[in-house]
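Good morning, and thank you for coming. I would like to take you through one structure, beginning with its aromatic rings and ending with its empty spaces.

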Amino acid sequence: MSNAFENQSVIVTGGTRGLGKASVMAFLEAGARVFATYRGNEEAAAALRDEAAGHAGRLSTHRFDVADYGAVESFWDELDELAPDGIQVLINNSGVRRDSVLAMMSAADWASVIETNLTGSFHMSKFAVKNMVSRRYGRIVFVTSPAGRFGFEGQGNYSASKAGQVGLARSLSKEVARRGITVNCVSPGFIETDLLADLPEARVSEYKKSVPMRRFGTPQEVAHATLFLASRESSYVTGATLEVSGGF
């Protein structure tokens, strides 16, 4: 999709590592101006800036917590100057895991996952719609998970947040369809990122056996699907969830 996003401004939340970083690099390679947000890992943000150094200054990184409504509002206020022609694409990618069986899960771990994954998506999408609606064009993509459909042991909070994202996306897609804004989800299965790095080896082996392709996916494979849903060519796709799961 070379130059498919030229003259477009794209936001990728959680954009300095894993799936977010892969999407940031893919959008840059497709000609976009990209705003990558992150919560606190300065080392990862610096590494992304170094990797993207060849893209003629089209990347900027912004540190704030998507779960903080005030911080999100301040970021969008800043964009009025940084992107005077508006934001064309929002990728809601920020996500955390705090795994535990429900009976042992702390209230803090429940709240942390819901607030980042689901409430953060609400915050960002609310301001994105306000930015896009007057221009009658926009693409919003939620990065969700098969956990929202299947539920995984020890991930009640994560599964609930991901199912919530799908419901939010479907409702929002109906609200904004007549304004030229599409809202979709990309649902990565088991992907080789930091979110899986702490899993026991036995569980990794078990998960791979459950995937018909018998392997985990790569962040780049997810990024390609994300770019399609964010493209002008996906204009008649809205309220959908695109599975990138190796057949899981």
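Let me begin with a group of rings: Phe-150, Phe-152, Phe-190, Tyr-207, Phe-216 and Phe-248 together make up one aromatic cluster. Please bear in mind throughout that this is a predicted model.

One member of that cluster, Phe-216, also has a charged neighbour: Lys-208 lies over the face of Phe-216, 5.1 Å from the ring centre. A second arrangement of this kind involves Tyr-137, whose ring face has Arg-232 over it at 4.4 Å from the centre.

How many aromatic pairs does a search of the whole structure find? The search gives 11. I should like to consider one of them, formed by Tyr-69 and Phe-127. The ring centres of these two residues are 5.5 Å apart. Their planes meet at 50 degrees, and since planes count as stacked under 30 degrees and as edge-to-face over 60, the pair is tilted.

Where do the two partners sit in the chain? Tyr-69 belongs to helix 3, residues 69-82, and Phe-127 to helix 4, residues 107-133, so the contact ties together parts that are 58 residues apart in sequence. As for exposure, Tyr-69 has a relative accessible area of 31% and is partly exposed. Phe-127, at 9%, is buried, because the limit for that term is under 20%.

I turn now to the empty spaces. Rolling a probe the size of a water molecule over the atoms reveals where such space is left.

The count of cavities of 30 Å³ or more comes to one. The largest cavity has a volume of about 40 Å³. Its lining consists of Thr-13, Val-66, Asn-92, Asn-93, Ser-94, Thr-116, Gly-120, Ser-121 and Met-124. Helix 4 provides the largest share of this lining, with four residues. By class, seven of the lining residues are polar, two are nonpolar and none is charged.

Finally, the second largest pocket holds about 260 Å³ of space. It is lined by 15 residues, and those closest to its centre are Ala-22, Met-25, Ala-26, Glu-29 and Gln-220. Which helix gives the largest share of the lining of this pocket? That is helix 1, with six residues. Helix 1, spanning 18-29, and helix 9, spanning 219-230, each supply at least two lining residues. The lining of this pocket comprises eight nonpolar, four polar and three charged residues.

Thank you for your attention.

Terms used: Residues numbered from 1 in each chain as written. Predicted model: local features only at pLDDT ≥ 70, side-chain atom pairs only at ≥ 80, totals over all residues. Heavy atoms only, no water. 1 Å grid on protein atoms, 1.4 Å probe; cavity = no way out; pocket = protein on both sides within 12 Å on 5 of 7 lines; lining within 4 Å. Points joined across faces, edges and corners; volume = space filled by probe spheres on them. Nonpolar A, V, L, I, M, F, W, Y, C, P; charged D, E, K, R; others polar. Phe/Tyr/Trp six-rings, centres within 6.5 Å; stacked < 30°, edge-to-face > 60°. Buried < 20%, exposed > 50% of the residue type's maximum accessible area, 1.4 Å probe, protein only. Lys NZ or Arg CZ within 6 Å of the ring centre and 35° of its normal.
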